[in-house]
Amino acid sequence: MKEPVDQLKARELAAWSGRKAEVAGQAATSKMLDTFREHLLAPAQMLRLPSAPELIQGILAANSLVWLWGPPKQGKTFIAHDWAGHVGAGMPWQGREVTKGRVLYVVAEGAAGYRKRIPAWENYHEYPMTGVTFFNHPLQLLDHAQHSAFLVLIEELRPALVVIDTQSRCTVGKKENDADTMSGLVAALDQIRVAAGGACVLTLHHGERTSRNMRGSSVVDGAADTTIKVTRDQRSPKSPIKLTCTAQKDDAPFGTIALPVIQVDGSLVIANQDPQLPDSLSGGGAAVGSNPTWKTVHLSGLQADILTLLQRQGRHTVKELAEHLKKHRDTINDAVKALVKQGFAERATPYVQAVESSPGDVEEAA
């Protein structure tokens, strides 16, 4: 019995479609194989590959995944905000070179605090916070629709630095101890890095003070290019914020950095430490354990600079202050008068020195 014409045609069509798919698959495989062959490199060729440029010398590299972690209320947000301001403006950070680039800062919690943080940072540095765009929405990184739309936004903005503040607020309802879930998070962050053209993606996350690793699955620790722990002794308002590099894939971890904090216009600001000061003024730097006496104060940017210098290096003449801060002596003298009037400094002619105990309140660090 002959096969019906319709069935015969259907079978021939299916066979033809199968052969077509097979040919297309072979072509795709061949093309992919050519691509793979291009990525076969000899040792000498590997050595010629360009290294990722640094956003902040020795701290943040481009084209990397970085986690800034530590117990709550230690100052992680203040550090990330300070880095964002310096990268956006291209300003050196704590004496380290900075590559200027656009910053996208995802504010998933505590947006109200930026009403104080931004003007305080600008007043202290006497420079506008340029190059930083804030994304005021609790982005859910593991939601396919939200993440896909965010990738389009990233491709439009092409930021050099993307800050996720915080991981927990951007993964609501997800189990951070689950390896598969955290693998998905790493993939989502990696896609952001690639979509930006090789950005540094900085994620803020919580962890225990006594732990050497972040909270949650070890998948994150394994995927991170750099992890930096943030700690601060909250028993003392003079206590600096300490950064400790707990892991770095392609370089030796940097040593612990102690950063002084002051209060300007009602918000904490990371104060400058100038390692390039001459020895006659520097007093040996601010190594951990040297017990720096940073004060918490309510001051303008110039007043804060003067007080920080006096507290760190001891008494100075107005002339020395003017030379170091590159300001006119009359401008320095007016700022010193204000410090003396407010009880932050005192004159011991011809010197000016910080008062041992100064008024002021501390804003709780995030």
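**View 1. Phe150 and its ring partner in the predicted model.** Phe150 is buried here, its relative accessible area being just 2%, and the model it comes from is a predicted one. With planes at 65° to Phe135, Phe150 falls into the edge-to-face class, because that class takes angles over 60 degrees. The two ring centres are 5.4 Å apart. Follow the chain and you'll find Phe135 in strand E5 and Phe150 in helix H5 (residues 144–157), so this is a link between distant parts of the chain, 15 residues apart.

**View 2. Tyr105 meets Phe134.** The model has five aromatic pairs in total, and one of them is Tyr105 with Phe134. Their centres sit 5.6 Å from each other, and with 45° between the planes the pair goes down as tilted. Here, too, distant parts of the chain come together: Tyr105 belongs to strand E4 (residues 103–107) and Phe134 to strand E5 (residues 132–135), 29 residues apart. As for exposure, Tyr105 is buried at 0% relative accessible area, whereas Phe134 counts as partly exposed at 28%.

**View 3. A ring cluster with an arginine at Tyr114.** Zoom out a little from the previous pair and Tyr114 joins in: ring pairs tie Tyr105, Tyr114 and Phe134 into a cluster. Tyr114 also has a charge for company, with the charged end of Arg117 sitting over its ring, 4.8 Å from the centre.

**View 4. Arg315 over Tyr351.** Another arginine and tyrosine meet here: Arg315 lies over the face of Tyr351. The distance to the ring centre is 4.0 Å.

Notes:
Residues are numbered from 1 along each chain as its sequence is written. This is a predicted model: local features need pLDDT of at least 70, side-chain atom pairs count only at pLDDT 80 or more; totals for chains, interfaces and linings use all residues. Side-chain values use heavy atoms; hydrogens and water are left out. Rings of Phe, Tyr and Trp (its six-membered ring) pair if their centres lie within 6.5 Å; planes under 30 degrees apart count as stacked, over 60 as edge-to-face and the rest as tilted. Helices (H or I, at least four residues) and strands (E, at least two) are DSSP runs, numbered from the N terminus. Buried means under 20% relative accessible area, exposed over 50%, partly exposed in between (1.4 Å probe, protein chains only). A charge sits over a ring if NZ of Lys or CZ of Arg is within 6 Å of the ring centre and within 35 degrees of the ring normal.
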